[in-house]
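User: I would like to learn how to read helix packing and salt bridges in a model. Please take the features one at a time.

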Amino acid sequence: MTDFNDRRRGEEAKYAMDEETAFKVAARRNRLLGEWAADLMNLTEEETDSYRKAVVQADFEEAGDEDVIRKVLGDLTAASCDVDEAAVRAKLAECEVEARRQLIGGA
């Protein structure tokens, strides 16, 4: 019985760690996306820092990535940047790869 309980606790710990890692990757990815968008909008350093945080916050509105894409695309459109939804989605995917690399590499 203790072997079963130990195994169950191990699986629960692994699940919790996987969820935490996924959360960290998503937050870092969104931060990187916000930095990219801020650069396109020619924001100041202070505005960029605030914008990165706003993009991370936007991810809490609903499940999935649509809330982040909607925010960034809307802000870029309002700033008259020539970027479409496909470009934002492609950059989001690129940022996810970079976020995973940074977290695994310990950067």
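Analyst: This is a predicted model. A starting point is helix H3, whose buried residues pack against H1, helix H2 (45–58) and helix H4 (85–105).

User: Which residues of H3 are buried?

Analyst: The buried residues of H3 are Asp67, Val68, Ile69, Val72, Leu73 and Leu76. The helix has 13 residues, and the 18 Å from its first C-alpha to its last is close to the 18 Å expected at 1.5 Å a residue. Just after H3, Ser80 has a positive phi of about 60°.

User: How is the packing of two helices described?

Analyst: Two numbers describe a packed pair: the angle between the axes and the distance between them. Here, helix H1 (residues 2–40) and helix H3 (residues 66–78) pack at about 10°, with axes 10 Å apart. Angles under 35 degrees count as roughly parallel, so H1 and H3 are roughly parallel to each other. On the H1 side the contact is made by Asn30, Leu33, Trp36, Ala37 and Leu40, and on the H3 side by Val68, Val72 and Leu76. By class, this contact of H1 with H3 has 7 nonpolar, 1 polar and no charged residues.

User: Now the charged side chains. How many salt bridges does a search of the whole structure find?

Analyst: The search finds 14 salt bridges. In one of them, Arg29 pairs with Asp65, and the closest N and O atoms are 3.0 Å apart. This pair links distant parts of the chain: Arg29 lies in helix H1 and Asp65 in the loop between H2 and H3, 36 residues apart.

User: Is Arg29 buried or exposed?

Analyst: Buried means under 20% relative accessible area. Arg29 has 4%, so the residue is buried. Its partner Asp65, with 29%, is partly exposed.

User: Which residue meets Arg31 in a salt bridge?

Analyst: Asp49 does, with an N to O distance of 4.0 Å. Arg31 is in helix H1 and Asp49 in helix H2, 18 residues apart, and the pair links distant parts of the chain. Arg31 is partly exposed at 34% relative accessible area, and Asp49 is partly exposed at 26%.

User: What separates Asp49 and Arg52 in helix H2?

Analyst: They are 3 residues apart in helix H2, which means a separation of about one helical turn. Their side chains meet in a salt bridge at 3.0 Å, N to O. Arg52 counts as buried, at 15% relative accessibility.

User: Which residues are linked in a network of salt bridges?

Analyst: Arg31, Glu35, Asp49, Arg52 and Lys53 are linked in such a network.

Conventions. Residues are numbered from 1 along each chain as its sequence is written. This is a predicted model: local features need pLDDT of at least 70, side-chain atom pairs count only at pLDDT 80 or more; totals for chains, interfaces and linings use all residues. Side-chain values use heavy atoms; hydrogens and water are left out. Axes are lines fitted to C-alpha atoms, for helices over the stretch in contact, and angles run from 0 to 180 degrees between N-to-C directions. Helices (H or I, at least four residues) and strands (E, at least two) are DSSP runs, numbered from the N terminus. Angles under 35 degrees count as roughly parallel, over 145 as roughly antiparallel, 65 to 115 as roughly perpendicular and the rest as oblique. Contact means heavy atoms within 4.5 Å. Ala, Val, Leu, Ile, Met, Phe, Trp, Tyr, Cys and Pro count as nonpolar, Asp, Glu, Lys and Arg as charged, and the others, Gly among them, as polar. The expected span of a helix is 1.5 Å times one less than its number of residues. Buried means under 20% relative accessible area, exposed over 50%, partly exposed in between (1.4 Å probe, protein chains only).
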